[in-house]
Amino acid sequence: MNISKRAMEMNFSPIRKLIPLAEEAEKKGVKVYKLNIGQPNIVTPDSFFEGLHNYKEKIVTYSDSKGILKLRESFVKSYKASGIDIDVDDILITQGGSEAIFFILMSICNEGDEILVPEPFYSNYSSFSIFAGANVKPIPTTIENNFHLPPKEEIEKLITPKTRAIMFSNPVNPTGTVYTEDEIKMIGEIAEKHDLYIIADEVYRQFVYDSTPYMSTMKMKEIENRVVLVDSISKHYSACGARIGLIASKNHELMNYILKFCQARLCVSTIEQHAAANLINTMDSYLEDVRIKYKSRRDLLYGYLKRIPGVVCSKPQGAFYIFAKLPVDNAEKFAKWLLTDYSYEGKTILIAPGPGFYFTDGKGDQEVRFSFCTNIEDIENAMIVLRRALEEYNKQ
Ligand SMILES: Cc1ncc(COP(=O)(O)O)c(C=O)c1O
């Protein structure tokens, strides 16, 4: 039976592919600290569940393919509070940020088109590009430069007649880098000069630390027609399973094409849209408390990593990840070994190997992503295990 070229080219998620090994380790009674995945362990706000219980309809109908008005209005209100001018008609609700990225790429790319993406990047960017028949063209960034963007000329050199867009997350998954206003403006200038879209994935927008200035790409009024925003409640409100995200853009011509994809999948879960619409009633203190929690976890994890001999990393200014270089020959081999051959006092750790966040072969071989979605105690224990494991691994 035939299997498509597309299916063969797809990669298994680097974040999820070691889970079976972790399960095996757990079956043997080993405690596995999971620092691999961006699933917040923070409690979802009460407002979400209130919204769920307030759904009193007798029939669970399909909803508008664009998303229910109440939800789109609630997003407009919360963007306004952050100084971002988005109207109800600029929004299409999607099944998480994932479907948003998928529909955008499907709408702007033909087979063989290219999307510029700063590397390392959220691994599903290449999966969704494969769906759309597009090729990721990586913009190299380095750990030494805290994964900030290279100069404009370097980026422009990568542009070909097939380039359609620059896509990036800000704050960046997997590095936690927050782009400066100058970097965002530079992306805007490049897009304007070369007639490209900007796909701005801001799903970690609420998690920026140390008063680092944050510039939403939607604030660039002069090029608003090029900007397509990806957003989601998954991380902001610790509601990953609700599958509620959105696409926002002032480019209504493009949005009208994207709407065809929204109509083809009929609608996003009606009840969960109602629940998400009530998130607007979440107390301001919720996000402030979450930010404080993540910041203290980041400080702890960073502090531990810095003290381990041979580890190179910088302090992330946003999101909830640290991307670090470890003193190992091969991060993937090390990550597997941790689960199959190692435990310290009955404990081990699950981490996401670096290569899965790169498109370029051979890059990230010594790097791993640590997520700090776990509690303080688990981070402390995980770091004790990591320090010992590195000593042991390098003795072999
Ligand atoms: C940068 C980035 N964009 C988009 C997503 C997709 O999230 P969701 O589909 O849950 O909204 C993720 C999930 O981890 C992510 O890290």
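Me: Which residues are buried in helix 12?

Reply: Buried means under 20% relative accessible area, with a 1.4 Å probe and protein chains only, and in helix 12 the buried residues include Tyr286, Leu287, Val290, Tyr294, Arg297 and Arg298. This is a predicted model, where local features need pLDDT of at least 70, side-chain atom pairs count only at pLDDT 80 or more, and totals for chains, interfaces and linings use all residues. Residues are numbered from 1 along each chain as its sequence is written, and side-chain values use heavy atoms, leaving out hydrogens and water.

Me: What do the buried residues of helix 12 pack against?

Reply: Contact means heavy atoms within 4.5 Å, and here the buried residues of helix 12 pack against helix 9 (233-236), strand 9 (321-325), strand 12 (367-371) and helix 14 (376-395).

Me: Which residues are the closest to the ligand?

Reply: A residue is near a molecule if one of its heavy atoms lies within 4 Å of it; 14 residues surround the ligand, and the closest are Gly97, Ser98, Asp201, Ser232 and Ser234.

Me: Where do polar side-chain atoms of Ser98, Asp201 and Lys235 lie relative to the ligand?

Reply: A polar contact is a pair of N or O atoms within 3.5 Å. An N or O atom in the side chain of Ser98 is 2.5 Å from an oxygen atom of the ligand, a polar side-chain atom of Asp201 lies 2.6 Å from a ligand nitrogen atom, and for Lys235 an N or O atom of the side chain is 2.9 Å from a ligand oxygen atom. The protein covers 93% of the 400 Å² of accessible area that the ligand has on its own.

Definitions and conventions. Buried < 20%, exposed > 50% of the residue type's maximum accessible area, 1.4 Å probe, protein only. Helix = DSSP H or I, 4+ residues; strand = E, 2+ residues; numbered from the N terminus. Polar contact = N/O pair within 3.5 Å; in protein donor to acceptor, adjacent residues only side chain to side chain. Areas by Shrake-Rupley, 256 points an atom, 1.4 Å probe, with all protein chains shown as cover.
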